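Dear colleague,

Please find below the structure I promised to pass on to you, followed by a summary of what was found in it.

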Amino acid sequence: MDYTPISPFMRPISHAHLRVVERPEASVPGRPVNKWELLRELSKAQAAFGVSERDLTVLQGLLSFFPDDALGGNTEMVVFPSNKAICERLNGMPCSTMRRHLARLVEARLLMRRDSPNGKRYVRKRGEDRVAFGFDLSPLYCRAEDIARAAEAVREAEDRVRRLREVVSLMRRDLAALAEFGEEIQPGLGLWDQLRDKAALTARALRRKLSLEDLSAFRTELETLLDQARNVIDGPETEEMNTNDAQCERHHHNSNKESIDLEPALEKGGAAGRAPDDDTGEPVADLEEPDTRRVPKIPLHLVIAGCPSLKTFYQGDIRHWHQLFDAACHVRPAMGISVSAWEEAQRCMGPEQASIVVVAMLERFSDIRSPGGYLRALTSKAAAGEFSCGPMVMALIGRRSAA
């Protein structure tokens, strides 16, 4: 014979209720938790708990009936509003709809019903004793740590998608630039049309919200095409062109010595006097915005040659600009550069030039007192059209040659 547990008031207790009651005390948070912060975390992790936005709207209404901002401590976490009061708090939600969402919250073990003998919700006081019948919020409080972990996992997944999206976007631009460059040195090759078509298709796809799996597939395809294109154009003719580019950059370095001499002054003076960076930043837009910036004129191999310290902190291959961007993203947090400073540099300089600046700063890290402030100073110069990363790299190469 099946046994169905019965509450003291002759109402069946669901197995979901039993699971909440039987949770080990070790999982209960050791301190009060702000109810609104907990709700925001649950909103971020709602898929992990099987609740919808409408369910959370009802939960928000119930939390508004709890007088304190914090759940936990020695306070009894039972609210006892009537159905009418709840619906009024929810801007006139139909009672049947409200009850349906309440049932989902109970099923998700975020609430527990504490029923009275007559099914009403109320509080009764007898001297110092207080007995409340209604909705018990303690299951929500008990799962605060689970909710926080789930929300953090969602943020990490979103960050992986955002970062991979940036990499794919840069790879698309690499592909378009290589197709244009390859058409100049080897016109008529069918590979360049294939590269242009793939770059256009990728740009169209990036207008949508892509999953991590979709972005990974795009990255694999683009890497294959980029390596194929690089192998075609990395011939003797290309090496000669790179040498000419290096000579042009060195000439530009010599003719703009004043701008290079300004950088140590920024390191020791202006950058040191800036306020410390905060780590708050606006989220990157989900859709790719039109960008007319071009790949830097300085050859990538010169950047790598002038910044050998990068290999100590980043083990991956760097044959394309998007790989340099990935390396800069990897070393940026360890250098103490905030997200806001990094994103501002990308907006003003472009991702490729911002990446060159970060790896060049890594090479001279011991000389820079405030990397975040120094990057912001260079970003301001770039926004005013007064900065180029070429002289910075050539100065590092000149140092190595002199040593």
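Helix α9, in this predicted model, comprises 16 residues, from 190 to 205. From its first C-alpha to its last the helix reaches 23 Å, close to the 22 Å expected at 1.5 Å a residue. Its buried residues are Leu191, Trp192, Leu195, Lys198, Ala199, Thr202, Ala203 and Ala205. These residues lie on the same side of α9, because they cover an arc of only 160° around the axis. The general background is that an α-helix has 3.6 residues a turn, so residues three or four places apart point the same way.

Helix α18 offers a second case. The helix runs over residues 371–383, which makes 13 residues, and its end-to-end C-alpha distance of 18 Å is close to the 18 Å expected at 1.5 Å a residue. Eleven of the 13 residues of α18 are buried, so the helix is largely enclosed by the rest of the structure. The buried set consists of Pro371, Gly372, Gly373, Tyr374, Leu375, Arg376, Ala377, Leu378, Thr379, Lys381 and Ala382. After α18 comes Gly385, which has a positive phi, near 75°.

A further helical span is marked in a record. The unreviewed UniProt entry lists residues 147–174 as "coiled-coil region". In the model, this span is 100% helix and 0% strand, and its end C-alpha atoms lie 41 Å apart.

Among the loop residues, I would draw your attention to Met77, found between β2 (70–71) and β3 (78–79). Is Met77 buried or exposed? Its relative accessibility is 11%, under the 20% cut-off, so Met77 counts as buried. Beyond its neighbours within four places in sequence, Met77 is in contact with Phe66, Leu71, Gly72, Phe135, Asp136, Leu137, Ser138 and Tyr141. The C-alpha atoms of Met77 and Leu140 are separated by 9.8 Å, while the two residues are 63 residues apart along the chain.

For the protein as a whole, the totals are as follows. The protein has 19 helices and six strands. It contains 403 residues, of which 44% count as buried. Of the contacts with a separation of 6 or more, 74% are between residues 24 or more positions apart. The accessible surface comes to about 21,900 Å², and carbon and sulfur atoms account for 50% of that area.

With kind regards

Notes:
Residues are numbered from 1 along each chain as its sequence is written. This is a predicted model: local features need pLDDT of at least 70, side-chain atom pairs count only at pLDDT 80 or more; totals for chains, interfaces and linings use all residues. Side-chain values use heavy atoms; hydrogens and water are left out. UniProt positions are given in the numbering used here, feature names are shortened, and annotations may be inferred rather than shown by experiment. Helices (H or I, at least four residues) and strands (E, at least two) are DSSP runs, numbered from the N terminus. The expected span of a helix is 1.5 Å times one less than its number of residues. Buried means under 20% relative accessible area, exposed over 50%, partly exposed in between (1.4 Å probe, protein chains only). Contact means heavy atoms within 4.5 Å. The arc is that of the directions from the helix axis to the C-beta atoms. Accessible areas come from the Shrake-Rupley method with a 1.4 Å probe; for residues, only the protein chains shown count as cover.
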